[in-house]
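Reader: I would like to go through this model feature by feature. Please give the general idea each time, then the case at hand.

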Amino acid sequence: MNFTYLKKPLYVPDTSKGDPYVTLLAEWIKPFEKEKDDKTELALIGIPLSKSSISFSGAHLHPESFRKIWRSFTTYNIDSDIELSTINAHDFGDVSMHTTDIIECHKRIEKTSFEITKHFPKTVPVFIGGDHSITYPILSGIKKASKKRIGVIHFDAHLDVRDTNYGGNSNGTPFRSLLESNVVKGEDVFTIGIRNFANSKIYYDYAKEKGVNIYTSKKVKEIGIQNIIIEALKHIKEHCDGFYITCDIDVLDQSIVPGVPAIGPGGLHTQEVFDSLEYLAKQKNIIGFDMVCVDPTQDLRDVTSRISLHAFLQFSTGIAQKNLD
Ligand code: CA
């Protein structure tokens, strides 16, 4: 299988062994080799695009900052007693971006997620953005290849349903596009962590009319994120063929994540997101996951990239647990 637009990433981690009693992420996630890695369970794909961000964003540098810290983390989850190196995981590289043409970039992302879904139907892809505009072409590609009815768990401070007539497909519009193109149904979308003074009434009303299930950050604190996840999974099990997770890092409180374009107060805590991702990834019907809007140019000592990577590791823990069942 030759992917049309995947290329070797700018930064390739050093995979050499250090302490013989410690396994680092860099030793676990090896570059994908098409001749022998057709049984990949977890595929990592970098999407270095942030020209499509409404506000300034260096999120195109996140796949690189994400890989650069692979020697700072081990593969063992103490709380869950899970060794991640039991998962067959590979780094598929980055989607090659056009220098100036955002529409072309989105087409390449869609083509890549289509090809992965088509040729690796049992693999769970994890897409490392990039800004949030990437979620529309990712899901569009998955939908075209799988024909599945897809539920979406959407962690975000924003609804992302801006009208595309005002600036085209940006990081403010992915759910508008997904709903308008019927890639997903509003009732199958669970948006968690929405914040006050970060959205407008008109867009809120639009999302409600479309049937999107909206849980504000305050609501999460009131009823508990676990209860929301259980409710969402119940609906997905009854109505969808599987579900996808998209996590905008701005769902977290601004005191935790400096490297984010749209920082804001009153957000979720890391543990709420980590626990949710692990629980969600354990489910048999998980389709894929993306992490978006991490801007390394605004970060401090890689704090935000480390949270993004940790979120991926908690997600991977769930995948490993699913394999044990
Ligand atoms: Ca977003």
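**Cores, metal site and backbone**

Author: Start with Phe155: apart from neighbours within four places in sequence, Phe155 is in contact with Ile192, Ile225, Ile229, Ile245, Thr246, Cys247, Asp248, Val251, Ser276, Leu277 and Leu280. Contact here means heavy atoms within 4.5 Å. This is a predicted model, in which local features need pLDDT of at least 70 and side-chain atom pairs count only at pLDDT 80 or more, while totals for chains, interfaces and linings use all residues. Residues are numbered from 1 along each chain as its sequence is written, and side-chain values use heavy atoms, with hydrogens and water left out.

Reader: Which residues touch the most other members of the largest nonpolar core?

Author: A nonpolar core is a set of buried Ala, Val, Leu, Ile, Met, Phe, Trp, Tyr and Cys residues joined through side-chain atoms within 4.5 Å. Buried means under 20% relative accessible area, exposed over 50%, and partly exposed in between, with a 1.4 Å probe and protein chains only. The largest core here has 57 residues, and Ile153, Phe155 and Phe315 touch the most other members. Helix H10 (residues 303-324) gives this core its largest share, eight residues. Helices (H or I, at least four residues) and strands (E, at least two) are DSSP runs, numbered from the N terminus. A second, separate core holds 38 residues, including Leu159, Tyr206, Tyr244 and Cys293.

Reader: Which atoms coordinate the calcium ion?

Author: Donors are N, O and S atoms within 2.8 Å of the metal, or 3.2 Å for Na, K and Ca; water is not among the atoms, so sites may look incomplete. In this model the calcium ion is coordinated by ND1 of His132, two OD atoms of Asp156, two OD atoms of Asp160 and one OD of Asp248, at 2.2 to 3.1 Å. Along the sequence, the donor residues follow the spacing H-x23-D-x3-D-x87-D. His132 is in the loop between strand S7 (124-129) and helix H4 (135-146), and Asp160 is in the loop between strand S8 (150-155) and helix H5 (174-180), so the pair ties together parts that are 28 residues apart in sequence. His132 is buried at 0% relative accessibility, and Asp160 is buried at 6%.

Reader: What is the geometry of the site of the calcium ion?

Author: Ideal angles at a metal are 109.5 degrees for four tetrahedral donors, and 90 or 180 degrees for six octahedral ones. Six donors count as octahedral if opposite donors are over 155 degrees apart and all others between 65 and 115; four count as square planar by those limits, or as tetrahedral if all angles lie between 85 and 135 degrees, and anything else is irregular. The six donor atoms of the calcium ion make angles of 45 to 162°, and the site is irregular.

Reader: Which side chain does His154 join in a polar contact?

Author: A polar contact is a pair of N or O atoms within 3.5 Å; within protein, one must be able to donate a hydrogen and the other to accept it, and residues adjacent in sequence count only if both atoms are side-chain atoms. The side chains of His154 and Asp156 are joined by such a contact of 2.8 Å. His154 belongs to strand S8 and is buried at 0% relative accessibility. Beyond four places in sequence, the residues His154 touches include His132 and Asp160.

Reader: How many disulfides does the structure hold?

Author: A disulfide is a pair of cysteine sulfur atoms within 2.5 Å. The structure holds zero. The sulfur of Cys247 has its closest cysteine sulfur in Cys293, 10 Å away, which is too far for a bond. Cys247 is buried at 2% relative accessibility, and Cys293 is buried at 4%.

Reader: Where does the backbone have a cis peptide bond, and which residues other than glycine have a positive phi?

Author: Most residues other than glycine have a negative phi, and most peptide bonds are trans. In this model a cis peptide bond joins Gly129 and Gly130, with omega about 15°. Gly130 is in the loop between S7 and H4. Positive phi values occur at Asp160, near 60°, and at Cys293, near 65°. Cys293 is in the loop between strand S12 (286-292) and H10.
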